[in-house]
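Colleague: I have a model open and would like to talk through how the pieces fit together, starting with the sheet.

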Amino acid sequence: LGTLQVSLSYDQRPDKLRATLQSAIEDVQSLIGLANNLLLLAELGVEKQSLAFGDVLLADPLLDAVQVVQRRYPDRLIDIALPDDSDGCVSRGNADLLTIALTNLLENACKYSPDGQPVRASLQPVADGAEYVVQDRGIGIPPDALPHLFTPLFRADNARQTSAGHGVGLALVQRIALLHGGRVSVQSEVGAGTTVTVSLPSPD
């Protein structure tokens with residue numbers, strides 16, 4: 001709002017006006033993203049029975065999320081690893097919600113990775129289900145921040161200094177994982193990168 005008000009008073013040249021409008025559009029898009037994520041976080045507080053769940057081929061949400069993030073970060077390389085029998089990786093869930101969770105994880109990985117360093121996204125079967133793993137070689141997370149990662153609106157100090165964000169994504173990822181009977185774990189080292197694992201159970 002302040003940017004637009006100053007522009008209205010002082011910007012006379014078309015190129016200055018265009019730059020101001022572009023900046024305002026980016027800010028509005030950021031606020032829309034925050035509002036949508038907060039609304040979804042609130043909506044997911046309802047009972048699981050009100051959500052549409054079915055058998056999901058787990059490779060599909062991962063591939064959909066990679067496509068979404070690749071469009072937003074066209075210069076970032078995302079390596080994808082799927083099991084030989086990806087049709088065997090199935091869980092009871094909601095494909096759209098899983099895509100949202102994976103999109104958040106991949107966006108974080110791309111956002112905090114240095115240029116030239118690929119992001120790795122994989123799906124792998126485990127004894128009691130399957131796991132999504134998203135790994136980057138970015139700035140990492142300080143040890144004192146790890147216990148607070150899933151608190152809505154929390155952001156580690158080095159994340160605030162490095163990139164814009166709101167601290168809602170990981171809280172949303174955890175909520176989606178819990179609704180699927182799964183869990184999220186994070187391993188990270190400052191300056192070396194972060195690995196996030198979303199574990200999902202086999203269908204009942």
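Colleague: Which residue does Ile80 stand opposite in E4?

Modeller: Ile80 stands opposite Ala121 in E4, and the next bridge I would point to is that of Ala81, whose partner in E4 is Ser122. Helices (H or I, at least four residues) and strands (E, at least two) are DSSP runs numbered from the N terminus.

Colleague: What should I keep in mind about the numbers?

Modeller: This is a predicted model, in which local features need pLDDT of at least 70 and side-chain atom pairs count only at pLDDT 80 or more, while totals for chains, interfaces and linings use all residues. Residues are numbered from 1 along each chain as its sequence is written, and side-chain values use heavy atoms, with hydrogens and water left out.

Colleague: Parallel or antiparallel, for E2 and E4?

Modeller: Strand E2, residues 78-81, pairs with strand E4, residues 119-126, in the parallel sense over 4 bridges; strands count as paired if DSSP finds at least two bridges between them. E4 also meets strand E5, residues 129-136, but there the two run antiparallel and are joined by 7 bridges, one of which links Ser122 to Val133 in E5. A hairpin through 2 residues connects E4 to E5.

Colleague: And the whole sheet, what is the strand order?

Modeller: It is an open sheet of 5 strands in the order E2-E4-E5-E7-E6, with mixed pairing. E2 and strand E6 (183-189) are at the edges and each has a single partner strand, so one side of each has no neighbour in the sheet. From one strand to the next, the twist averages 15°.

Colleague: Which strands does H4 touch?

Modeller: H4 packs on the sheet and touches E2, E4, E5 and strand E7 (193-201), with its direction at about 25° to that of E5. Contact here means heavy atoms within 4.5 Å, and angles run from 0 to 180 degrees between N-to-C directions, using axes fitted to C-alpha atoms, for helices over the stretch in contact.

Colleague: Where does H6 lie, then?

Modeller: H6 lies across E6 and E7 and runs at about 140° to E6. Helix H4 (residues 95-111) and helix H6 (residues 169-179) also pack on each other at an angle of about 145°, their axes being 9 Å apart. H4 contributes Leu97, Leu98, Ile100, Ala101, Asn104, Leu105 and Asn108 to that contact, and H6 contributes Gly169, Leu170, Leu172, Val173 and Ile176. An α-helix has 3.6 residues a turn, so residues three or four places apart point the same way.

Colleague: Asn104 caught my eye; is it buried or exposed?

Modeller: Asn104, in helix H4, is buried, with a relative accessible area of 12%. Buried means under 20% relative accessible area, exposed over 50%, and partly exposed in between, with a 1.4 Å probe and protein chains only. A polar atom of the Asn104 side chain lies 3.0 Å from the backbone oxygen of Ile100.

Colleague: Back to H6: how many of its residues are buried?

Modeller: Of its 11 residues 8 are buried, so H6 is largely enclosed by the rest of the structure. Those residues are Gly169, Leu170, Ala171, Leu172, Val173, Ile176, Ala177 and Leu179. Leu179 has 11% relative accessibility, and its C-alpha atom is 9.4 Å from that of Leu51, although the two are 128 residues apart along the chain.

Colleague: What comes just after H6?

Modeller: Gly181 follows just after H6, and takes a positive phi of about 75°.

Definitions and conventions: Polar contact = N/O pair within 3.5 Å; in protein donor to acceptor, adjacent residues only side chain to side chain.
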